[in-house]
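Here's a quick tour for anyone meeting this structure for the first time. Have a look at it, then read on for the main points.

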2 protein chains.
Amino acid sequence: MTSDAKLTIGTLSQRSGVAPSALRFYEDEGLIHSTRTAGGQRRYGRDTLRRVAFIRVAQRVGLTLEEIREALASLPERRTPTEKDWGRLARSWRPRLDAQIALLESLRDGLDQCIGCGCLSLKSCALLNPGDRAGAQGPGPRYLPLRNG
Amino acid sequence: MTSDAKLTIGTLSQRSGVAPSALRFYEDEGLIHSTRTAGGQRRYGRDTLRRVAFIRVAQRVGLTLEEIREALASLPERRTPTEKDWGRLARSWRPRLDAQIALLESLRDGLDQCIGCGCLSLKSCALLNPGDRAGAQGPGPRYLPLRNG
DNA sequence: CCTTGAGCTCAAGTGCACTTGAGGTCGCAG
DNA sequence: CTGCGACCTCAAGTGCACTTGAGCTCAAGG
């Protein structure tokens, strides 16, 4: 019977390791949902715990909250998501993870050759132009969340 | 004779692929330096090209501008840095790169086991607590620059 | 000399992911 | 029923890495 107990924001915060302010923020952003007590306080179903966990892991993988919201939107609305649902979502990260790992490995392996040799000053350097667009006037950098890095 | 030509900010921008505004910003932050013409315009030595290249690669590796400034501060002030100087700096990234790669790999390899099995909701999950601090109320996330991601 | 594109400064704005603070309310133990 | 810790809202602030805009000056070709 503990399975249908609702969680307060404080409890969810403790169990998930995510600050209450962040949980409210996630809710504003449509990433999680709550019911309210008569007095207006938030109450979360236990599946929210997994939802929050998913959000944090997805952030580590490099997704923005925007992307995570989109991913979560593909979950069933009517029923509590199953392990298969979560598994499917998580597996969609693989190409992204593989690409990131490949990038970092090429960076690591290229350091000695590339930096030492002087190509670091050339537009054609693979380290400098991993996206293959030499000198393109792109916008600012994107970020990869790296919690507890 | 091209080797001692000074670069304007526009030329440096084109050659490095970094916007003029960013170059001015880097200068404000002490990451690069310029001399000025009589009229007050910036002129950069050719070694600044390499310096800027270093900054961009360092960002991809995950360093903040603060950290990059510190790294650059260890370069000789009096002479133009040699390839050995740059190589030494770049090699200091290795442990960091290795750690990041290891993290992403554990994330990738843990996905199927972890997300499918339900531990995603537990504080002891390795994916959720890579820093080994379950439920610690850490500050906000850190970022890993991921240009052209 | 004149024009014009490139450059200058300084203040403010952007995007992301939150946190902080002020001022007030809820809900449960005693 | 009272106290007080947990919760509420809303606005503003934070940190990083820049970008944008206004208003003005410089430098090089014709």
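The surface near DNA strand D draws at least two residues from each of three helices: α1 (9-16) of chain A, plus α2 (20-28) and α3 (47-61) of chain B. The largest share, four residues, comes from α2(B). Keep in mind that this is a predicted model.

**Around DNA strand D**

- There are 22 residues surrounding DNA strand D, and the closest are Gly10(A), Arg42(A), Ser21(B), Thr37(B) and Gln59(B).
- Sorted by class, the surface near DNA strand D has eight nonpolar, 10 polar and four charged residues.
- Sugar or phosphate supplies 88% of the atoms of DNA strand D within 4 Å of the protein, and bases make up the rest.
- Thr37(B) has a polar side-chain atom 2.9 Å from a phosphate oxygen of DNA strand D.
- Chain A joins in too: a polar side-chain atom of Arg24(A) sits 2.9 Å from a phosphate oxygen of DNA strand D.
- For Arg56(B), a polar side-chain atom is 3.3 Å from a phosphate oxygen of that strand, D.

**Around DNA strand C**

- DNA strand C has 22 residues around it, with Ser21(A), Thr37(A), Gln59(A), Gly10(B) and Arg42(B) coming nearest. Of the atoms of DNA strand C within 4 Å of the protein, 89% belong to sugar and phosphate.
- Here α2 (20-28) and α3 (47-61) of chain A and α1 (9-16) of chain B each give at least two residues to the surface near DNA strand C. α2(A) provides the largest share, four residues.
- The surface near DNA strand C splits into eight nonpolar, 10 polar and four charged residues.
- Thr37(A) uses its side chain: an N or O atom there is 2.7 Å from a phosphate oxygen of DNA strand C.
- With Gly10(B), a backbone N or O atom lies 2.7 Å from a phosphate oxygen of DNA strand C, and with Leu65(A), a backbone N or O atom lies 3.2 Å from one.

**How α3 and α4 of chain A pack**

- α3(A) packs with helix α4 (residues 65-73) of chain A at an angle of about 135 degrees, and their axes are 10 Å apart. That angle is why α3(A) counts as oblique to α4(A).
- The crossing of α3(A) past α4(A) is right-handed.
- On the α3(A) side, Arg51(A), Phe54(A), Ile55(A), Ala58(A) and Gln59(A) meet Leu65(A), Ile68(A) and Leu72(A) of α4(A). The residues of this contact between α3(A) and α4(A) comprise six nonpolar, one polar and one charged.

Conventions:
Residues are numbered from 1 along each chain as its sequence is written. Chains are lettered from A and ligands numbered from 1 in the order in which they are written. This is a predicted model: local features need pLDDT of at least 70, side-chain atom pairs count only at pLDDT 80 or more; totals for chains, interfaces and linings use all residues. Side-chain values use heavy atoms; hydrogens and water are left out. A residue is near a molecule or strand if one of its heavy atoms lies within 4 Å of it. A polar contact is a pair of N or O atoms within 3.5 Å; within protein, one must be able to donate a hydrogen and the other to accept it, and residues adjacent in sequence count only if both atoms are side-chain atoms. Ala, Val, Leu, Ile, Met, Phe, Trp, Tyr, Cys and Pro count as nonpolar, Asp, Glu, Lys and Arg as charged, and the others, Gly among them, as polar. Axes are lines fitted to C-alpha atoms, for helices over the stretch in contact, and angles run from 0 to 180 degrees between N-to-C directions. Angles under 35 degrees count as roughly parallel, over 145 as roughly antiparallel, 65 to 115 as roughly perpendicular and the rest as oblique. A crossing is left-handed if the near helix is turned anticlockwise from the far one by less than a right angle, and right-handed if clockwise. Contact means heavy atoms within 4.5 Å.
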